Structures are given as C-alpha cells and as structure tokens.
Amino acid sequence: MSEKKGPSVWAGFKAFLMRGNVIDLAVAVVIGAAFTNIVNSVVKGVINPLVGAIGTKNLDSYSSCLKGPCEVAADGTVTEGVMILWGSVLGATLSFVITAAVVYFLMVLPMSKYLARVEAQRKAREGTVEVIEVTELEVLKEIRDALVAQRGAGHSER
C-alpha cells in the first residue's frame, strides 16, 4: 500500500527557485558585491584624500575621549577611559551615502525615466487605437443610417 504524498521537497525547492523574485534577488546580490569594490575605490581614492587634506586620510583615527583619561595601546585597543570612535561612523556613513547616490543616479533614475518613456509610448499607442476605434464606429453608424434611409426611401415609393 503506497500512499500518494504531496509534492516532494525537491519540487518545492525548484518552484521556489523559479520564482521571479528569487532570481531578481540573486542578481541584486551579485551586482551589489561587484558594486562594493567600486564604492570602496571611490572612498579610498577620492573621499579619503579630500579628508586627508583637512586632517588624516584614515577616518578611523578620529575619536573623542568620553570619559578620561583615555589611553590607547599600540594595537589600537583602548586600555583606559571610554573612547567614541566617531571617525569610523563618519566613514561608514560616507560609504552609505556614496553607494546610495551612485545606485540612484546610475541605476534607479535612468530606469525610472526609461519606464516612464515606455509608459508614455504605450499610452500614446492606446490613444491612437481609441481614436481609430471611435472613427470606425462613427463610420459604421453613418453606413447604418444610410442603409436605413435607403430602405425607408424604397418602402415609400411602393
């Protein structure tokens, strides 16, 4: 006696993978990983030298002593006091803002403009189809009215 079971785990996994959202997410992860290198290069090659013109090239070195006296060991660990490492937060924030700006200006904005253009073309085509349909309808009504008028004229002559 073999009982028929529901879909197998493999079939469910295959159905999950074939959903469009999973594929889109996978593409986004791959692009994001590749994009990280670009952002890191911009931060390292442009932002850090600009900050370096004011102070140090390494934002991680900016900190403040909250509760002193603060002593830092040679390996960078705080041995005494409470340090606020606001430079690393600033660096991470700059990386985020740069990433968001590049994604917006290089991907989101062009894609939204493209989609708006495609939508406008689609609406223009639909508008043309409606005008043609209305015109055809009007012509058919005129033909009908002419046929009715001819029949009416033919019946009155008898």
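**Rings and a hairpin**

Student: What relative accessibility does Trp 86 have?
Tutor: Trp 86 has 38% relative accessibility, so the residue counts as partly exposed. That label sits between buried (under 20% relative accessible area) and exposed (over 50%), with a 1.4 Å probe and protein chains only. This is a predicted model, where local features need pLDDT of at least 70 and side-chain atom pairs pLDDT 80 or more, while totals for chains, interfaces and linings use all residues. Numbering starts from 1 along each chain as its sequence is written, and side-chain values use heavy atoms, without hydrogens or water.

Student: How many aromatic pairs does a search of the whole structure find?
Tutor: Two turn up. In one of them, Tyr 62 and Trp 86 sit 5.3 Å apart, centre to centre, with 35° between their planes. That makes the pair tilted. Rings of Phe, Tyr and Trp (six-membered ring) pair with centres within 6.5 Å; stacked is under 30 degrees, edge-to-face over 60, tilted the rest.

Student: Where in the chain are Tyr 62 and Trp 86?
Tutor: They link distant parts of the chain, 24 residues apart. Tyr 62 is in the loop between helix H2 (20–54) and strand E1 (64–72). Trp 86 belongs to helix H3, residues 86–157. Helices (H or I, at least four residues) and strands (E, at least two) are DSSP runs, numbered from the N terminus.

Student: And what is the relative accessible area of Tyr 62?
Tutor: Tyr 62 has 21%, so this residue is partly exposed.

Student: Which residues form the edge-to-face pair?
Tutor: Tyr 104 and Phe 105 do. Their centres are 5.1 Å apart, and their planes stand at 80°.

Student: What about accessibility for Tyr 104 and Phe 105?
Tutor: Tyr 104 is partly exposed, at 40% relative accessibility. Phe 105 counts as exposed, at 53%.

Student: New topic. How many bridges join E1 to E2?
Tutor: Five. Strand E2 covers residues 78–84, and the two strands run antiparallel. DSSP must find at least two bridges before strands pair.

Student: Which residue stands opposite Ser 64?
Tutor: Ile 84, in E2.

Student: How many residues lie between the strands in that hairpin?
Tutor: Five residues lie between E1 and E2. Gly 76, in this hairpin, takes a positive phi near 95°.

Student: Last one. Where is Ile 23, and what is its relative accessibility?
Tutor: Ile 23 is in helix H2. The value for Ile 23 is 44%, so this residue counts as partly exposed.
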